[in-house]
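Biologist: Can you walk me through this one? I'd like to know what is tucked away and what covers it.

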Amino acid sequence: MTDLVIRALTEGDADLFHTLRVPPLVGRGRFGHTYATVGRGGEYRPEWTWVALREGRVVARAAWWAGPDDPAPKALDWFDFAEGEADAAAELLRTAPLRAEYSLLAPPGWRDRPEERAAVRARVDAAVAGGFEPLVERYRYEWTPECGLPERPGRLEFRPEPDDAVIEEVLRRVMPGTLDAHDRRALARGGAEAAVRELMDFLSWCPSPREWWRLAWTPEGDLAGIQVPAHNPGGPCVGFIGVVAERRGHGYAYDLLVECTHDLVARGATRIAAATDQPNLPMAAHFVRAGYPVTQERIDLV
């Protein structure tokens, strides 16, 4: 085989990204997303978009994403390669001086369809060969008014809390026994303080107002948890649902989710995105009960 040329794109040759034709079985193309540089009204920076070329032809591509004010990538959004070019794709990932989590998007039930299953497996294998490690598979949900607004259980009282130090202490009480793979990874790497800081950084990064965050209390005055209605760059979302460890076993996560949904709808949301890890069976059941349908599955690699 001829030698590979691996490099970043420039604004002038960004159209090279589109010359790689792959069936949109999985990934962002499957769900109607498009690639365009910031200079052309899109979300992607050409210097964060890398291609592998063989004899001038693009055989693999990767595009990292971040918000407009972020100094480093937040996510690897696009990762595709031509048939027989998995090694080139892995080499691209090893060569590009960028690192961020890769969430591979797939349609619900992808394992039941051989072509989609093969497409997922090929990308995961190439990403692993390129230095990534599988972390967790997740469900992505989207609530719309057609789903029906779930009735509030009425068991908890919700109040704002302006003091970040208080919020951080609540999050410390949420972390023990968490089923969330990202939180567990942060705990393993740096303990509770690292996990709380990572979560606070994400919630503060969201462009929605800090004043939306709510703590939940029982009528007896005991803290039950926290729910954060939010907007991410794509729109309204369930930012965070957390029950403090000593109040688990009462189904309060459902109450928090319902209240979060009501809060976002009251602020005009007609679509609400949310996600949870597939092994987190209690939270997945709460989403089903609240009327949130699964619209995607995601394989997260770090």
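Modeller: This is a predicted model. Take helix 3, residues 164–174: its buried residues are Ile167, Glu168, Val170, Leu171 and Val174.

Biologist: Where do those buried residues sit around the axis of helix 3?

Modeller: They are on the same side of helix 3, because they cover an arc of only 160 degrees around the axis. An α-helix has 3.6 residues a turn, so residues three or four places apart point the same way.

Biologist: And what covers the buried residues of helix 3?

Modeller: The cover includes helix 4 (181–205), along with strand 8 (214–217), strand 9 (223–232) and strand 10 (235–243).

Biologist: Which residue caps the N-terminal end of helix 3?

Modeller: Aspartate 163 does, with a side-chain oxygen 2.8 Å from the backbone nitrogen of alanine 165.

Biologist: Switching to strand 2. How many of its residues are buried?

Modeller: Six of six, across residues 49–54. Thr49, Val51 and Leu53 are buried on one side, and Trp50, Ala52 and Arg54 on the other, so to speak both faces are covered.

Biologist: Which way does strand 1 run against strand 2?

Modeller: Strand 1 (residues 4–8) pairs with strand 2 in the antiparallel sense, over five bridges. Leucine 4 stands opposite arginine 54 there.

Biologist: How many bridges join strand 2 to strand 3?

Modeller: Six, and strand 3 (residues 57–65) runs antiparallel to strand 2. In that pairing, alanine 52 stands opposite alanine 60.

Biologist: What lies between strand 2 and strand 3?

Modeller: Two residues, and the two strands form a hairpin. Glutamate 55, in the turn, has a positive phi of about 55 degrees.

Methods:
Residues numbered from 1 in each chain as written. Predicted model: local features only at pLDDT ≥ 70, side-chain atom pairs only at ≥ 80, totals over all residues. Heavy atoms only, no water. Buried < 20%, exposed > 50% of the residue type's maximum accessible area, 1.4 Å probe, protein only. Helix = DSSP H or I, 4+ residues; strand = E, 2+ residues; numbered from the N terminus. Pairing = 2+ DSSP bridges. Arc of directions from axis to C-beta. Contact = heavy atoms within 4.5 Å. Polar contact = N/O pair within 3.5 Å; in protein donor to acceptor, adjacent residues only side chain to side chain.
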